[in-house]
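Reader: Could you give me a close look at one part of this model, the nonpolar core, and then at what lies around it? I would like the terms spelled out as you go, with their cut-offs.

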Amino acid sequence: GNAMLSVKFFCKDIASKVGDRKKMWQAINNLRGKSQRKIKPQFIIDNVKIVNRRIIANEFNRYFGSIASKLNHQCSVSRNAPHVPDFTSYLPCSCMSSIFLYDCDAKEVGKIIAEFQNGKSSDIPISLIKKASSVIVPVLVRIFNSCMNNGYFPSELKAGRITPIYKKYNEALMENYRPVSTLPLFG
């Protein structure tokens, strides 16, 4: 029925974009429901209306990055606030020879991928990972084991993507947004 027509349409659309990477990704993102906003965002920053996306992104980065330091400052200024020790005082003493990890295998990685929940926010669509698991699992096993054996964790897998999520009131003010971090799926 309609589902089959939709599948045929998207397959034809994607096939027509072969060779043009930008148009291919536009078609894929359109299929995923992630097409770009047509309306330009507007934010008020220092009483000025800003529409430049780069400036808005940088201001969100600055704003979200300043929240913790502002809270710390408020706590230190408050006379009634008890002294809060540094987080390291809560950690046990480290022991460099206290852990041993076995190499992972294809069965283990495949099981973990199968248990991923579809529809969860991710840097890579989970349904795509599940469909491609038979192809990518052997590669992932080699990468994971190499990282563990060499004591190396790729920087790309440490960085999250921060998305501002609107809370309430005036949409043009940054303080009415909260940050949500999407971490790399294999990070």
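Author: The account below begins with the chain as a whole, then turns to the core and moves outward from there.

This is a predicted model, in which local features need a pLDDT of at least 70 and side-chain atom pairs count only at pLDDT 80 or more, while totals for chains, interfaces and linings use all residues. Residues are numbered from 1 along each chain as its sequence is written, and side-chain values use heavy atoms, with hydrogens and water left out.

The chain holds six helices and four strands, where helices (H or I, at least four residues) and strands (E, at least two) are DSSP runs numbered from the N terminus. Read from the N terminus, their order is α-α-β-β-α-α-α-α-β-β. Of the 187 residues, 19% are buried; buried means a relative accessible area under 20%, exposed means over 50%, and partly exposed covers what lies in between, with a 1.4 Å probe and protein chains only. Among contacts (heavy atoms within 4.5 Å) between residues at least 6 apart in sequence, 46% join residues at least 24 apart.

The largest nonpolar core consists of 11 residues, namely C104, V109, I113, F116, I126, I129, V137, L140, V141, L185 and F186. Such a core is a set of buried Ala, Val, Leu, Ile, Met, Phe, Trp, Tyr and Cys residues joined through side-chain atoms within 4.5 Å. Helices α4, α5 (126–131) and α6 are the elements that give two or more residues to this core, and α6 contributes the largest share, three residues.

V137, a residue of helix α6, is a good place to look more closely. V137 counts as buried because its relative accessible area is 7%. Beyond the neighbours within four places in sequence, V137 is in contact with A106, V109, G110 and I113. V137 and I113 stand 24 residues apart in sequence, yet their C-alpha atoms are 8.8 Å apart in space. I126, another member of this core, has contacts with F116, Q117, N118, K120 and L185 once its neighbours within four places in sequence are set aside. Apart from this core lies another, of eight residues, among them I50, I56, F64 and M174.

M174 leads on to E59, which sits in helix α3 (residues 53–77) and is in contact with I45 and M174, leaving aside neighbours within four places in sequence. With a relative accessible area of 17%, E59 falls under the cut-off and is therefore buried. The side chain of E59 also makes a polar contact with the side chain of R62, at 2.5 Å; a polar contact is a pair of N or O atoms within 3.5 Å, where, within protein, one must be able to donate a hydrogen and the other to accept it, and residues adjacent in sequence count only if both atoms are side-chain atoms.

Helices α4 (106–114) and α6 (133–150) also each supply at least two residues to the lining of the second largest pocket. A pocket is an open set of points on a 1 Å grid over the protein atoms alone, where a 1.4 Å probe fits and protein lies on both sides within 12 Å along at least five of seven lines, and lining residues have an atom within 4 Å of a point. The volume of this pocket is about 530 Å³, a volume being the space filled by probe spheres set on the points, which are joined across faces, edges and corners. Its lining has 23 residues, of which C104, F144, N145, C147 and M148 lie nearest the centre, and α6 gives the most, with seven residues. The lining divides into 18 nonpolar, three polar and two charged residues, with Ala, Val, Leu, Ile, Met, Phe, Trp, Tyr, Cys and Pro counted as nonpolar, Asp, Glu, Lys and Arg as charged, and the others, Gly among them, as polar.

The loops complete the picture. S121, in the loop between α4 and α5, is exposed, with a relative accessible area of 62%, and its C-alpha is 9.6 Å from that of S181, 60 residues away in sequence. The loop between β3 (161–166) and β4 (177–182) includes Y169, which is exposed at 63% relative accessibility, while N176, in the loop between β3 and β4, is buried at 10%. Residues in contact with N176, outside its neighbours within four places in sequence, are I165, Y166, K167, K168, Y169 and N170. Most residues other than glycine have a negative phi. Y169, however, has a positive phi near 70°, and D46, in the loop between β1 (43–45) and β2 (48–50), has a positive phi of about 55° although it is not a glycine.
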